[in-house]
Amino acid sequence: MKFLEFKHDVAAAQLVARIYDTPPLAFVHSFGCQQNVNDGERIKGVLTDIGYGLCDKPDDADLILFNTCAVREHAEQRVFGNVGALKALKEKKPGLIIGLCGCMANQQHIVDKLRKSYPYVDLVFGVDGIDTLPQLLVQKLAGQKKRILMDPAQRPVIVENIPIRRESEFRAWLPIMYGCDNFCTYCIVPYVRGREKSRKSADILAEFKGLVAAGYKEITLLGQNVNSYGKGLEEEIDFSDLLKLLCTVPGDYHIRFMTSHPKDASRKLIDTIAAEPRLCKHIHLPVQCGSDRLLAEMNRRYTVQQYLDLIEYARKTIPDVTFSSDIIVGFPGETEEDFAATLRLIEQVGYMQLFTFIYSKREGTKAALMPDPTTRKEKTDRMERLLKTQERIAMEKVTQQVGQTVRVLVEGYGRSEGSISGRLDNNLTVEFKADPLLIGEYARVRLTGTRATVLLGELCRC
Ligand code: 5AD
Ligand code: SF4
């Protein structure tokens, strides 16, 4: 693994200044997960570093970039829909540069399709190419190449200090590792984001300190599998050690992290969460399904019992710990029995939140080759039953919170007039009437009631 430093590209900045009378505008839209959103923030950082301004309407843009997601087919279709809609704009405005990057751009069949059927797409580069964007734009703007469609390639490098334009002034994403080595059989991520690579702890700490100094209150550590942080580094460090190191930074903030693979979530990690007040007592622990047979088919490498043992240990060790999870419905060969086991599991754990997905076949994964006789109708029926069950569980969980006084980070406006909305440690939202000046600050709130799965409260003057 090579570690590189990003350098300001003087030549690119000069070229942009020479070509455009006023700063050109870029519209950057990210689809998909937080990792992608964070990549989008860096893309914006790199563009502003060479003189672009940012805009929020494609019509105003000189450069349009879609930072794409490949995890489910629906996300891909949306991107193609969006790209297709730009054809007319490009005809009206021939100087417009249209680009596509992110996970879809790391699939050869997508690049081939763009090459063949989308002649007005000028620029394609993958997830590892953000730091190369200034040079790609130079080639395009200087007319050296008409189209630049990079073939998917994984670079065994980590580029530090890429400029960033963060979307929030109080909540930040902080990647600690990239890629995934797990090869769950349904998942495209290891193919598009490549092998796991961890950032050095000193680089993470430096970025973390910068965020705390800039007043960030919530810092979410990101990785496809944060629990395997440290693998392959020269230093001897694991994820729990990293958390402890970050918690030594003085300041008023809290830390979240995602995603934890249950097979690697250690007791040491649970003990660390219990011991460090700045770590949220909420764990996102995707189980995917509740059937041992399907878990094996998915290559998840844990059993339902092992998962439940971990949950039980966390409950014993961390008072008031809460959980959320991802569930896939309709994995190839899922029977009614398998699905019933999933329903039983979610009842047993009592998740605060579930992120639920109908299985989506991804070309190139092992599951794509498995027989999948279940009809779409059966799958959507199961999804409805799952959602109904979870809704009831979540309502019970939310109602149990009423009466407590909690500290929340105020995130924005609420739905009802004059209210603002904050997030609890356990990821639930509470709405209460108070001055919007509190947005971005911590507040103490007494929980007085509920509206569906949203809590209602009163600002505490205590
Ligand atoms: N189909 C449906 N859901 C998927 N996920 C990943 N791959 C697929 C797929 N092919 C879900 C998993 C994962 C979450 C980020 O996306 O539940 O945890
Ligand atoms: Fe995909 Fe599994 Fe890796 Fe998560 S752990 S990114 S589901 S392969």
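Is aspartate 112 buried, exposed or partly exposed? Select it and see: aspartate 112 is partly exposed, with a relative accessible area of 36%. For the labels, buried means under 20% relative accessible area, exposed means over 50%, and partly exposed is what falls in between (1.4 Å probe, protein chains only).

Before moving on, some housekeeping. You're looking at a predicted model, where local features need pLDDT of at least 70 and side-chain atom pairs count only at pLDDT 80 or more, while totals for chains, interfaces and linings use all residues. Residues are numbered from 1 along each chain as its sequence is written, chains are lettered from A and ligands numbered from 1 in the order in which they are written, and side-chain values use heavy atoms, leaving out hydrogens and water.

**Stop 1: a pair within one helix**

Keep aspartate 112 selected and add arginine 115. The two form a salt bridge, with the closest N and O atoms 3.6 Å apart. (A salt bridge here is a side-chain nitrogen of Lys or Arg within 4 Å of a carboxyl oxygen of Asp or Glu.) Both residues sit in helix H5 (residues 108-117), 3 residues apart, or about one turn of the helix. Helices (H or I, at least four residues) and strands (E, at least two) are DSSP runs, numbered from the N terminus. Arginine 115 counts as partly exposed, at 36% relative accessibility.

**Stop 2: a buried pair**

Next, pick glutamate 160 and arginine 199. Their salt bridge has its closest N and O atoms 2.7 Å apart. Glutamate 160 is in strand S8 (residues 157-160) and arginine 199 is in the loop between strand S11 (197-198) and helix H8 (201-213), so the pair ties together parts that are 39 residues apart in sequence. Glutamate 160 is buried, with a relative accessible area of 5%, and arginine 199 counts as buried too, at 3%.

Now widen the selection to Arg42, Glu160, Arg166, Arg199 and Glu207: these are linked in a network of salt bridges. Across the whole structure, a search turns up 35 salt bridges.

**Stop 3: strand to strand**

Try glutamate 218 with arginine 171. Their side chains meet in a salt bridge at 3.2 Å, N to O. This pair links distant parts of the chain: glutamate 218 is in strand S12 (residues 218-222) and arginine 171 in strand S9 (residues 171-175), 47 residues apart. Glutamate 218 is buried at 2% relative accessible area, whereas arginine 171 is partly exposed at 28%.

**Stop 4: around ligand 2**

Click on ligand 2 and show its surroundings. You should find Cys180, Asn182, Phe183, Cys184, Tyr186, Cys187, Val189, Pro190, Gln224, His261 and Arg300. A residue is near a molecule if one of its heavy atoms lies within 4 Å of it. The shell divides into 7 nonpolar, 3 polar and 1 charged. In that scheme Ala, Val, Leu, Ile, Met, Phe, Trp, Tyr, Cys and Pro are nonpolar, Asp, Glu, Lys and Arg are charged, and the others, Gly among them, are polar.

**Stop 5: two spots to finish**

Go to alanine 296 in helix H11 (residues 292-297). Alanine 296 is exposed, with a relative accessible area of 58%. Measure from its C-alpha to that of isoleucine 98, 198 residues away along the chain, and you should get 42 Å.

Last, select proline 286, in the loop between strand S14 (282-284) and H11. Proline 286 is buried, with a relative accessible area of 3%. The C-alpha atoms of proline 286 and methionine 258 are separated by 9.9 Å, with their positions 28 residues apart along the chain.
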